[in-house]
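Trainee: I'm new to this one, could you walk me through it?
Mentor: Gladly, let's have it on screen and start from there.

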Amino acid sequence: MSDDAKTSLNRREFFSFLAVGWITFGAATAGFASLIFRFLYPNVVFEPAMDFLAGFPDDYPEGVDERWKNGFGVWIYKKDGRLVAMSNICTHLGCIPTWLPAESKFKCPCHGSGYYPNGINFEGPAPRPLERYKISLNPEGKIIVDKTKVFRYEKGEWNIDGAYIEV
Amino acid sequence: MIKEAINYLSSPLYSFTAFIVLFLLSLKRIDIVGTKKFGLGLLVFVLVVFGWMVTDPVFFSVISLPDNIPIIILNGLVFWSTWFALYKGHQNDLRIARGEQPIEGSPENREKVWAWPNLVYTELFCGILCTVFLIVWAIFFKAPLEEPANPTWAPNPAKAPWYFLGLQEMLVYFDPWMAGVVLPGLIVVGLIAIPFLDVNPKGNGYYTFKERKFAIASFLFGWLVLWIFLIQVGTFLRGPNWTFYGPFEYWDAHKVVAENNINLSEIMWIKLFNTSLPKNILVREIFGLIVVFGYLFGLLPLIMKKWGKNYIDRMGAVRYYIMIFLVLGMMSLPIKMYLRWFINLKYILAMPEFELNL
């Protein structure tokens, strides 16, 4: 009699076992998921700073300058008294275009998008011009490029304060 | 001289058109294509031409890249399996026309065997052979060790893995949202949907072409013309800056091709009406909206009138509309390609403000 009672569960016991099982399973899953989530954020990131000092405006010749492209991903472009910092990320699918001095254009190696030196797209599938980064002068007169703030042509942002500096 | 002509004719416009024409012709004349004589003749012809092309140093340098060798193999396999299916289908069509059973339905072929060991042994040997092949491959063609990754630099040309080169070629004509997400999504969903859309029991368990013309033709169009052919273009004919190069043309990174692309809104407002683009985005893109909606919905009555009745009766309205939508989605790619080649059209509907470009 007593043996029978031990080997079979009644309804209430069954549900408490079920609850314990599910809670354990849920906790284990959540713990594992949190580990994975933690793994997405590396302990050390080797990325260039999002803002950097880029020397004096007079250091740059007229036209496109490539000195910050490797490392910071920025082209400095000086024309008609304005100096801007251009993103080097193609607006089509995010490849890195090549500056072709002979043809005086940027050309993307992935799908053939082409941009004028000022960043306006004119060939290939690129839907909009290259983005520009916030640029300003520090008290010393050096250029600060801040890549956290982006100015987009199609939104009419290229003439906003901060999208360029007068030189 | 011949090489220059081939270089010229292999530009996307001519080669794509020629490929479509050849494709349609070969489906039309299945009585010629589906014979052993034709298959053998084509094989010999292709091998002779290929052998001649390989003697060219530029062509050889392109095809002998480790990444490109799989595509040579792929061409052979695709050629073989397509032709074989058409050949078998044609044989059965002849038998059915004579009033006989398809070959697969003949009594000696209906005999059943056990999956174990007949099938499992075959699979085991295929698995072993594939493994051996991959090991030999890995020994002979080493994966290149390149410099550390640099997020501010891209190789030129930057090519996707070979099986994605058709997709990359597609991206030349479309916005990444379309060619990278929507169209591949439609391909996957459409392929999954085929068994549910296709309620025609013909062709189950035996090869045939005549009984399944539309199904086979539309599948082969998407597969051969829009996928395999674009892989060829992306692999062998695209060089630095993703510029087009003929098969015998040296990959000169400074080759200049004029391709000033403009949006439909610019064609209409600036070229046709001689005014500047309207400020309001909906007014600016009104023509693009009309064209896109007209293509997706306006064509329906026309299609219905021509092919509707028969199909709706057979497969039901919902299946029919889904099928039409998938076909329209597939055809948007060649249409966009021709628009790009003929009128340098960049986007029919260009709303970069919302990242929406069609």
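Trainee: So how many residues does the contact take from chain A, and how many from chain B?
Mentor: Bearing in mind that this is a predicted model, the contact takes 25 residues from chain A and 32 residues from chain B.

Trainee: Which elements of chain A give two or more residues to the side that touches chain B?
Mentor: Those are helix 3, covering 69–72, and strand 8, covering 121–123, both of chain A, and helix 3 of chain A provides the largest share of that side, with 3 residues.

Trainee: And what's that side like by class?
Mentor: On the side of chain A that touches chain B there are 9 nonpolar and 9 polar residues, together with 7 charged residues.

Trainee: You mentioned strand 8, so which sheet order is it in?
Mentor: Strand 8 of chain A belongs to an open sheet of 4 strands, whose order is 5-6-7-8 with antiparallel pairing, and its edge strands are strand 5 (98–100) and strand 8 of chain A, each of which pairs on one side only.

Trainee: How many bridges do strand 6 and strand 7 pair over?
Mentor: Strand 6 (residues 105–107) and strand 7 (residues 114–115) of chain A pair in the antiparallel sense over 2 bridges, and in this part of the sheet Lys107(A) stands opposite Gly114(A), which is in strand 7 of chain A.

Trainee: Changing topic, what does the domain assignment of chain A give?
Mentor: The assignment gives domain 1, spanning 2–39, and domain 2, spanning 51–166.

Trainee: How far apart do their C-alpha centres lie?
Mentor: The C-alpha centres of domain 1 and domain 2 of chain A lie 58 Å apart.

How values were computed
Residues numbered from 1 in each chain as written. Chains lettered and ligands numbered in written order. Predicted model: local features only at pLDDT ≥ 70, side-chain atom pairs only at ≥ 80, totals over all residues. Contact = placed C-beta atoms within 7 Å. Nonpolar A, V, L, I, M, F, W, Y, C, P; charged D, E, K, R; others polar. Pairing = 2+ DSSP bridges. Domains from an automatic or database assignment.
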